[in-house]
Amino acid sequence: MSRRALVVGGGIAGLSAAYEFQQAGWTVDVHEATGRWGGKILTSDVGDRLVDSGPDAILARAAAGMELVRQLGLADDIVHPVSNVPAYICLDGRLHELPEGTVFGIPTDPSVLHSTELLSEAGKQRAAQDLELPVEHVDTDDDPSVGKVCRQRLGDELTDRLIAPLIGGINASNIDRLSMRSAAPQLTAALAQHGSLIRGMAALRQRAGATLGTERAAPVFFSLPGGVQRIIDALVEHLANPKAGHLPAADLKLNSPVDLSTLPELADRFDAVVLATAPVEAMNYASVSQVTIEVSKDALEAELDTSGILFPATGGTHLTACTWLSSKWSHYHHDDSVLLRLTSGRYGDDRANKLDDDTLVATLLDELQTAVPIDGQPQATRIQRWPNALPQYEPGHRNKVETLRSNMTERHPNVTLVGAAYDGIGIPACIESGRNGARQLLTPQTASQPVGSGS
Ligand SMILES: Cc1cc2nc3c(=O)[nH]c(=O)nc-3n(C[C@H](O)[C@H](O)[C@H](O)COP(=O)(O)OP(=O)(O)OC[C@H]3O[C@@H](n4cnc5c(N)ncnc54)[C@H](O)[C@@H]3O)c2cc1C
């Protein structure tokens, strides 16, 4: 008799779990609360272009993303960013290049900071102290925050102006509340192996350089023309109509929120249950609001020559980043206009999320104009709110996840927790989380009393 799984949540993690069950020959029901698949993955129109509203860049190094794209037959379409030139940092309305020779904003040698005006002389000297400070100087907390360690070793100025926008910007985090082990494990390794963040980043860069010397430089990210949502569309199509005829079609239900208080009954009815929901109650989340604009090329004085601009929190702006989408991706190129995505909101700063649409657009445009003057109004504007969208991996994150999972296994051995709240927020990490969660339940001994069919 065919075994039956329930997947709750139709984002990338839930759909990946469903794919895994289907490949193993299980029947799978997927329930999604909203009227569309994909969760945070969403592509919609800006002017006449289809533009990603959520994620636009998938880490190529992490195998799970590329593997799924190949399995879905989309690999021939992938594109890479036009250039890997890093973003600018905006300080007091002026754009500064990231100093050459920094990794995550950390210098690989104090000399690489000499010519930058991003830091004062005192700030540069303070950063160099990292080379002298004993490692014991680092707090021996089990899992300190990124901010705590970087401030102790490199000083506040470098931490606030370079490291916070680069490391904190990814998850819209406050780095003083961001787990170093979970969010920046490279820094933990640097300290453990080299006794200094600067020496650790130099070693990291050298290893990357050594690889580049022997192979063709591999692009860090990839995307799909037409949007990342194509992955979701292909995945849903595959689940509904599996190519291999012997695999059962999944039962896919939109507008079907599952009441999680009924979990004990669901665990009895199904052989396996995967909870791929977000947000998760035990986690804290950052909310972001994004405004994507199409602007005539003639309206811009600045040359959009990198992937965008980062705005450190110390500058007090609502804006956290401006991504120059049409400079970053060739499929957004247009002869006459450019696309800019303005992002606001970070953990602990909800000012922008509280503004009404018109005020949000006006505020973000005003702030951008201090650094990048725009003559006239956008030709097209799209507003996207992402409330409680980015889980915050606070110090102690791994222990928290282990406890949540072991409590669940104790109560319901055939239920598992997957998705961005647990194992990494990037798309490849969510795919892997969903797949691993399903695999773990495919093994008969881990499932409780199989009942054969759940519906
Ligand atoms: C603005 C933004 C930009 C990002 N940029 C990138 C990027 O460039 N690259 C990258 O790799 N990652 C990026 N991310 C992160 C990545 O998109 C997400 O971490 C990932 O898509 C989350 O997938 P998920 O399946 O875990 O959760 P979600 O996508 O949140 O899916 C969870 C689903 O569960 C549903 N649900 C919740 N409760 C129930 C219930 N009770 N019953 C049924 N359904 C329920 C929800 O409606 C939702 O559809 C970005 C995220 C955001 C918000």
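In the predicted model, Phe21 is buried, with a relative accessible area of 0%. The ring of Phe21 pairs with that of Trp26 in a tilted arrangement, the centres lying 5.1 Å apart and the planes meeting at 35 degrees. Trp26 is likewise assigned to the buried class, because its relative accessible area is 5%, below the 20% limit for burial. A second tilted pair joins Tyr88 and Trp324, with 6.2 Å from centre to centre and 55 degrees between the planes. This pair connects distant parts of the chain: Tyr88 belongs to strand E6 (residues 88–91), whereas Trp324 is situated in the loop between strand E15 (319–323) and helix H11 (325–328), and the two residues are 236 positions apart. Tyr88 counts as buried at 12% relative accessibility, and Trp324 counts as buried at 1%. The number of aromatic pairs in the model comes to 2.

The overall architecture comprises 15 helices and 18 strands. For a chain of 455 residues, a compact globule would be expected to show a radius of gyration near 23 Å, and the computed value of 23 Å agrees with this expectation. Along the principal axes, the C-alpha atoms occupy a box of roughly 70 × 55 × 50 Å. Buried residues account for 52% of the 455 residues. Among contacts with a separation of 6 or more, 75% are between residues 24 or more positions apart. The exposed surface of the chain amounts to about 19900 Å², of which carbon and sulfur atoms supply 50%. Charged side chains number 38 positive and 56 negative, and the centres of these two sets are 5 Å apart.

Helix H2 (residues 63–71) contributes Ala64, Gly65, Met66, Leu68 and Val69 as its buried residues. These buried residues of H2 pack against helix H1 (12–23), strand E5 (58–59), strand E10 (221–222), helix H9 (229–240) and H15. Just after H2, Gly73 adopts a positive phi of about 75 degrees.

Two loop residues were examined individually. Glu394 is located in the loop between strand E17 (380–391) and helix H13 (397–411). With a relative accessibility of 13%, Glu394 counts as buried, because this value falls under the 20% cut-off. When residues up to four places away in sequence are set aside, Glu394 is in contact with Asp143, Arg177, Ser179, Asn284 and Tyr347.

Ile425 lies in the loop between helix H14 (420–423) and helix H15 (427–442). Its relative accessibility of 23% places Ile425 in the partly exposed class, since burial requires a value under 20% and exposure a value over 50%. Leaving out residues up to four places away in sequence, Ile425 touches Ile170, Asn171, Leu390, Pro391, Tyr393, Ala420 and Cys430. The C-alpha atom of Ile425 is separated by 17 Å from that of Ile231, a residue 194 positions away along the chain.

Definitions and conventions:
Residues are numbered from 1 along each chain as its sequence is written. This is a predicted model: local features need pLDDT of at least 70, side-chain atom pairs count only at pLDDT 80 or more; totals for chains, interfaces and linings use all residues. Side-chain values use heavy atoms; hydrogens and water are left out. Helices (H or I, at least four residues) and strands (E, at least two) are DSSP runs, numbered from the N terminus. The radius of gyration is taken over C-alpha atoms; the globule rule is 2.2 Å times the number of residues to the power 0.38. Buried means under 20% relative accessible area, exposed over 50%, partly exposed in between (1.4 Å probe, protein chains only). Contact means heavy atoms within 4.5 Å. Accessible areas come from the Shrake-Rupley method with a 1.4 Å probe; for residues, only the protein chains shown count as cover. Lys and Arg count as positive and Asp and Glu as negative; His and the chain ends are not counted. The place of a charge is taken as NZ of Lys, CZ of Arg, CG of Asp or CD of Glu. Rings of Phe, Tyr and Trp (its six-membered ring) pair if their centres lie within 6.5 Å; planes under 30 degrees apart count as stacked, over 60 as edge-to-face and the rest as tilted.
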